[in-house]
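Me: I am new to this structure and should like to learn how to read its features. May we go through them one at a time?

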Amino acid sequence: MNNLLLIAYLDLKESLRAHWFMIYSLVFGGLIALFFIAGITESQVMGFSGLSRLLLMYIQVTVIILPIFILITTVRSISGDRDSHILEYMLSFPISLKQYYWGKVLGRFITVFLPVFMAMVIAVVYGVFQGADVPWSIFFLYTGLLFSMSSAFLGIAFFISSTVKSSEMALGISFFVWIVLLAFIDIALISLMLQNRMSEGLIIAIALLNPMEVFRVAAISLFDPELTVMGPVAFYILDLFSQGVFVVLSILYPIFVGVLFAVAGYRVFRKKDLV
Amino acid sequence: MIRLNNVSKTFGTTCSLDHVTIAFNQGDAVALMGANGAGKTTLIRLILGYYHPSSGSVRIDGRDPIKERTEILKQVSFVPQLPPPIKLNVGELIAYVCRSAQVTEAAIYQYADEMRLDIAPNRGKSFFKLSGGMKQKLLIAISLAKQSAIMIYDEPTANLDPQARDDFYRLLQHNEQNKLALFVTHRIEEVKTIVNRKIYLDLGKVVSDETC
Ligand SMILES: Nc1ncnc2c1ncn2[C@@H]1O[C@H](COP(=O)(O)OP(=O)(O)OP(=O)(O)O)[C@@H](O)[C@H]1O
Ligand SMILES: [Mg+2]
């Protein structure tokens with residue numbers, strides 16, 4: 001077996017045994033169960049119903065909690081191993097730093113992506129048994145979004161993990177990054193918009209650099225643009241881009257962000273003292 | 001084999017290693033001594049390529065341990081000062097070692113046996129749940145099974161009972177011929193019989209280096 005795959009495989013096995021992974025899977029599986037119990041699929045609100053509505057709610061909650069879950073569980077993977085001297089021992093074997101780092105990235109990606117994806121698959125399967133129609137285009141879009149969301153935040157988490165010296169620090173920075181992307185940027189931009197000092201287009205462009213904003217808009221991009229649930233940003237964007245272009249961008253851009261951070265993290269990991 | 005040329009390593013304002021020049025050759029069995037904080041572990045980490053020296057150079061067979069880490073580490077065995085809390089289970093750890101370093105499982109079992117550690121009933125246990133001494137025995141067995149030209153032990157006997165210490169030193173005596181062995185230790189009487197060179201470090205400098 002290639003060393004990279006070996007590292008990924010061992011990391012995967014380690015994660016599957018960890019408590020955080022159980023909680024992680026329970027949260028997303030539980031979310032779906034809760035939606036069914038609450039009868040979300042039956043309700044007719046604002047023009048969309050059934051599984052589309054359930055999936056939309058699922059993705060909207062996921063956009064908020066998945067990033068923080070990924071950040072806090074992943075950010076300690078390298079910095080934690082460094083703190084506890086595990087890295088010192090494991091790296092005394094002839095494994096290249098490239099194989100070690102990217103093996104960890106691959107292992108973690110599978111662990112964070114599979115549960116959120118499987119929860120959605122279970123929802124669709126269960127929905128079919130209840131006689132609902134499957135909104136395939138939404139299902140595929142959300143699969144893409146979950147994939148790119150996982151990549152983006154995994155990349156950021158690995159960057160933090162290899163840059164920061166201690167895992168305590170890494171944890172603090174994760175919370176900071178999450179809250180900034182979740183709320184602070186929006187609040188700042190809204191106040192700018194109110195002051196009327198910048199053009200609307202520029203403000204929206206800045207908002208869209210934030211992958212979390214991209215996900216929010218992309219999640220509703222397949223629904224009727226006339227819907228009132230859409231905020232002004234989403235309305236503006238979907239007016240500006242064609243739907244197809246925006247969907248493709250909303251998947252590719254966060255993946256790009258994730259890869260960029262992961263590569264930067266790798267460079268730092270290679271350049272700095274290892275332990 | 002190992003050559004440190006004018007090597008310094010500083011962390012912030014503390015200077016852990018201060019312009020050290022030293023060479024270790026094949027056949028050397030070195031006791032590396034010195035007070036706590038003298039720089040012993042720092043020296044070892046430089047040899048293993050974990051630290052970038054602040055100045056000077058480290059060469060192993062003429063090669064840079066950072067740039068050519070995989071080539072260098074193929075011939076190095078290392079047991080750390082404290083066994084780390086590895087979360088893999090014993091079987092997985094052994095698989096990791098065997099696959100990454102071309103060691104056979106049979107060899108690890110054989111040396112574990114000689115260290116009076118029975119691996120079979122512990123295979124499924126997490127490594128960190130083993131007792132302190134068992135962890136150390138396993139890491140020692142792995143280091144011997146690797147059959148490396150360079151063996152580095154950072155106080156490996158701290159958790160071992162007297163019987164296990166004897167086993168360890170006996171095994172080393174059989175295995176150190178034509179190799180280079182570095183022992184960090186605070187108890188010179190213990191290693192007296194297996195070393196042929198003693199080096200004292202203090203405040204990051206080599207204060208004595210005698211052959212015996
Ligand atoms: N990663 C690090 N960051 C900051 N300072 C460090 C680091 N590693 C070592 N030091 C400092 O360098 C000095 C030498 O440490 P080192 O671990 O090499 O000592 P040692 O000889 O192994 O001691 P001991 O016998 O206690 O194991 C100490 O003052 C220590 O505080
Ligand atoms: Mg030490």
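The dialogue below goes from the chains to a sheet and then to a pair of helices.

Reply: Please keep in mind that this is a predicted model. Let us begin with the make-up of each chain.

Me: How many helices and strands does chain A have?

Reply: Chain A has 12 helices and zero strands. Its C-alpha trace spans about 60 × 55 × 30 Å along the principal axes. The radius of gyration of chain A is 20 Å, which agrees with the value near 19 Å for a compact globule of 275 residues.

Me: How many helices and strands are there in chain B?

Reply: Chain B contains seven helices and nine strands. With a radius of gyration of 17 Å, close to the 17 Å from the globule rule for 212 residues, chain B is as compact as a globular protein of that length. The C-alpha trace of chain B extends over about 50 × 35 × 35 Å along its principal axes.

Me: In what order do the six strands of the open sheet in chain B lie?

Reply: A sheet is read strand by strand across its width. Here the order is S5-S6-S7-S3-S8-S9 in chain B, and the pairing is mixed. Strands S5 (76–79) and S9 (205–211) of chain B each have a single partner strand, so one side of each is left without a neighbour in the sheet. From one strand to the next, the twist averages 15°.

Me: How many bridges join strand S6 to strand S7 of chain B?

Reply: Five bridges join S6 (residues 150–154) to S7 (residues 180–184) in chain B, and the two strands run parallel. As one example, Ile152(B) has Leu182(B) as its bridge partner in S7(B).

Me: Which helix packs on the sheet and touches S3, S5, S6, S7 and S8 of chain B?

Reply: That is helix H1 (residues 40–47) of chain B, whose direction makes about 150° with that of S6(B). Helix H5 (residues 132–145) of chain B lies across S5 and S6 of chain B and runs at about 170° to S5(B).

Me: How should I read a pair of packed helices?

Reply: Two packed helices are described by the angle and the distance between their axes. In chain A, the axes of H3 (residues 50–74) and H6 (residues 97–129) come within 11 Å and cross at roughly 165°. H3(A) is therefore roughly antiparallel to H6(A). Their crossing is right-handed.

Me: Which residues make the contact between H3(A) and H6(A)?

Reply: Among them are Leu51(A), Tyr58(A) and Ile70(A) of H3(A), and Arg108(A), Val116(A) and Gly127(A) of H6(A). By class, this contact has 12 nonpolar, four polar and one charged residues.

Notes:
Residues are numbered from 1 along each chain as its sequence is written. Chains are lettered from A and ligands numbered from 1 in the order in which they are written. This is a predicted model: local features need pLDDT of at least 70, side-chain atom pairs count only at pLDDT 80 or more; totals for chains, interfaces and linings use all residues. Side-chain values use heavy atoms; hydrogens and water are left out. Two strands pair if DSSP finds at least two bridges between them. Helices (H or I, at least four residues) and strands (E, at least two) are DSSP runs, numbered from the N terminus. Axes are lines fitted to C-alpha atoms, for helices over the stretch in contact, and angles run from 0 to 180 degrees between N-to-C directions. Contact means heavy atoms within 4.5 Å. Angles under 35 degrees count as roughly parallel, over 145 as roughly antiparallel, 65 to 115 as roughly perpendicular and the rest as oblique. A crossing is left-handed if the near helix is turned anticlockwise from the far one by less than a right angle, and right-handed if clockwise. Ala, Val, Leu, Ile, Met, Phe, Trp, Tyr, Cys and Pro count as nonpolar, Asp, Glu, Lys and Arg as charged, and the others, Gly among them, as polar. The radius of gyration is taken over C-alpha atoms; the globule rule is 2.2 Å times the number of residues to the power 0.38.
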